[in-house]
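Reader: Please take a close look at one part of this model and place it in its surroundings. A connected account would suit me better than a list.

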Amino acid sequence: MSYRGSAAATKRQAEILKQTGNLCFTKERFGAAIDAYTEAITLCPNVPIYWTNRALCHLKRNDYTKVENDCTKALQLDSNTLKAHYLLGLALLQRQQHSLGIKELEKALELGRIAKGYMVEVIWQEIAKAKYAQWEHGATNRTCRLQSLKDVCEKALKEKYLRDASEAEGFVDETEKVHLEQLEYLKEVLNKAAEADMPTEVPDHLCCGITLDILRDPVIIPSGATYERAVLLEHLEKVGKWDPITRTPLSEHQLVPNFAIKEAVQAFLKDNGWAYKLG
Amino acid sequence: MLDLSRVQKELMDCNRDKDISGISVELRGDDLSRLFGTISGPIATPYEGGTFRIDIHLTDEYPFEPPKMQFMTKVWHPNISSQNGAICLDILKDQWSPALTIKTALLSLQALLSAPEPDDPQDAVVAQQYLRDYPTFVGTARYWTETFAKRASVGIEEKVQKLVEMGFPEDLVRKSLDKVGGDENMALEKLCSG
């Protein structure tokens, strides 16, 4: 009895320390907040939120190794801790571990969707930002490589032309014509290759008819139209319980995930990273 | 929160084919919630040849609330107030749907110019005339188009210059023109009346 009593007291004490930490955090006294959370962790090391709250403080102080350590600990306690995946993702991105960071954020997004949209907008924006940066980096690289390939090819063609022209007396006109054609064709081929990184438009069938933006969590409704889940729910709540186009009655349970469109969006984004650019 | 990304996309989309649709949308300033639209009067109606400007205000709830629209150009039409340009159109009220856009709303206004609904009037005087004396209605509507909707299509800068040359300060000229929807005569009246 006395043991259980003291365990409860310890728990209570840890909760008070967490609240102290939260208060310090709101006042941006991150050092004091870390101390409070650390004490809470010492008392009750098995509560994930103490670890994730401390991780957030470390993130504010740009101490990414410590963010990683605390998040890893929280995930060992409960692998479905949304905030641990989220903060770990942010820390990994800061440490240039882009792919791993994005993977953590995607896991957080998945958990957010299960939790009725908790934090999904924030998480999605971080993912989009990271993916866009990743694409931009790759695109710059590819542009540089194409440019240097172009320079080398042009130089080689020119050398070949000069050699041919000196050997083919009397056929200089023909040699020059071939040379110019080759230059033109080279330009065409390289332009074609560069097109892959040119931002264009997201096709309409991958966009939501209300946000007009690329679909993230597409749902299909009985009329066959597909919308962004969060926005359609907002419509049902604010405007009315009807289909935005046909105006026939529609309720929340009639929303069905549209996996085909979701896959199509993912395939499109894989080849067109520029589409992650936030409006 | 007003969905800024959607409004930006709408603007781009609308102005891409404005030469074909005869519909365009522009910003009034830096604020994406204040816009004005332009529609051309439909062919074979008393509004043919006119360019009509519409004040558009988007609330924070847009697109879950309809855009607030009002004619800035004076127009003689049963469903549009001849006094203040207020519009009686169901999709701008209870029949709005977030699947509609500023462009589709402006297209509906264009359609409304083609097909007035005098049984559900905004301006009772105009509606009465439409029902009882159609030829006079057509004459008045055409006269209003000539008078108000054609001058408005002259470049705003020319109008500013003209009024400034008459001796009015430029910022006041611009403000007055903006208030009356770019109508030079109405702006002059406003400037003269103080």
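Where in chain B is B:Cys88 found?

Author: B:Cys88 is found in the loop between β4 (68-71) and α3 (102-114) of chain B. The model is a predicted one, in which local features need pLDDT of at least 70 and side-chain atom pairs count only at pLDDT 80 or more, while totals for chains, interfaces and linings use all residues. Residues are numbered from 1 along each chain as its sequence is written, chains are lettered from A and ligands numbered from 1 in the order in which they are written, and side-chain values use heavy atoms, with hydrogens and water left out. Helices (H or I, at least four residues) and strands (E, at least two) are DSSP runs, numbered from the N terminus.

An unreviewed UniProt entry annotates B:Cys88 as "active site"; such positions are given in the numbering used here, feature names are shortened, and annotations may be inferred rather than shown by experiment. B:Cys88 has a relative accessible area of 13% and is therefore classed as buried (under 20%; exposed is over 50% and partly exposed lies in between, with a 1.4 Å probe and protein chains only). Apart from neighbours within four places in sequence, B:Cys88 is in contact (heavy atoms within 4.5 Å) with B:Asn79, B:Lys93, B:Leu112, B:Asp120, B:Pro121 and B:Gln122.

The strand at one end of this loop, β4(B), has a covered face, formed by B:Met69 and B:Phe71, and an uncovered one, formed by B:Lys68 and B:Gln70. Strand β4(B) runs antiparallel to β3(B), to which four bridges join it; two strands pair if DSSP finds at least two bridges between them. In this pairing, B:Met69 is the bridge partner of B:Ile56.

Strand β3 (residues 51-57) also holds B:Asp55. With a relative accessible area of 13%, B:Asp55 is buried. The side chain of B:Asp55 makes a polar contact with that of B:Arg28, at 2.3 Å. A polar contact is a pair of N or O atoms within 3.5 Å; within protein, one must be able to donate a hydrogen and the other to accept it, and residues adjacent in sequence count only if both atoms are side-chain atoms. Beyond four places in sequence, the residues touching B:Asp55 include B:Leu35, B:Phe36, B:Met69 and B:Met72.

On from β3(B), seven bridges lead to β2(B), again antiparallel, and B:Ile39 stands opposite B:Phe52 there. Five of the seven residues of β2 (residues 34-40) are buried. Strand β2(B) is joined in turn to β1 (residues 23-27) by five bridges, also antiparallel, with B:Val25 opposite B:Gly37. A hairpin of six residues connects β1(B) to β2(B).

Chain B also meets chain A: 16 residues of chain B are in contact with 17 of chain A. The area buried between the two chains is about 1300 Å², of which carbon and sulfur atoms give 56%; buried area is the accessible area (1.4 Å probe) that two parts lose on being put together, summed over both. Three salt bridges are counted between the chains, each a side-chain nitrogen of Lys or Arg within 4 Å of a carboxyl oxygen of Asp or Glu. One of them links A:Glu201 and B:Arg16 (3.3 Å, N to O). Between the chains, six residue pairs are in polar contact, both residues at pLDDT 80 or more.
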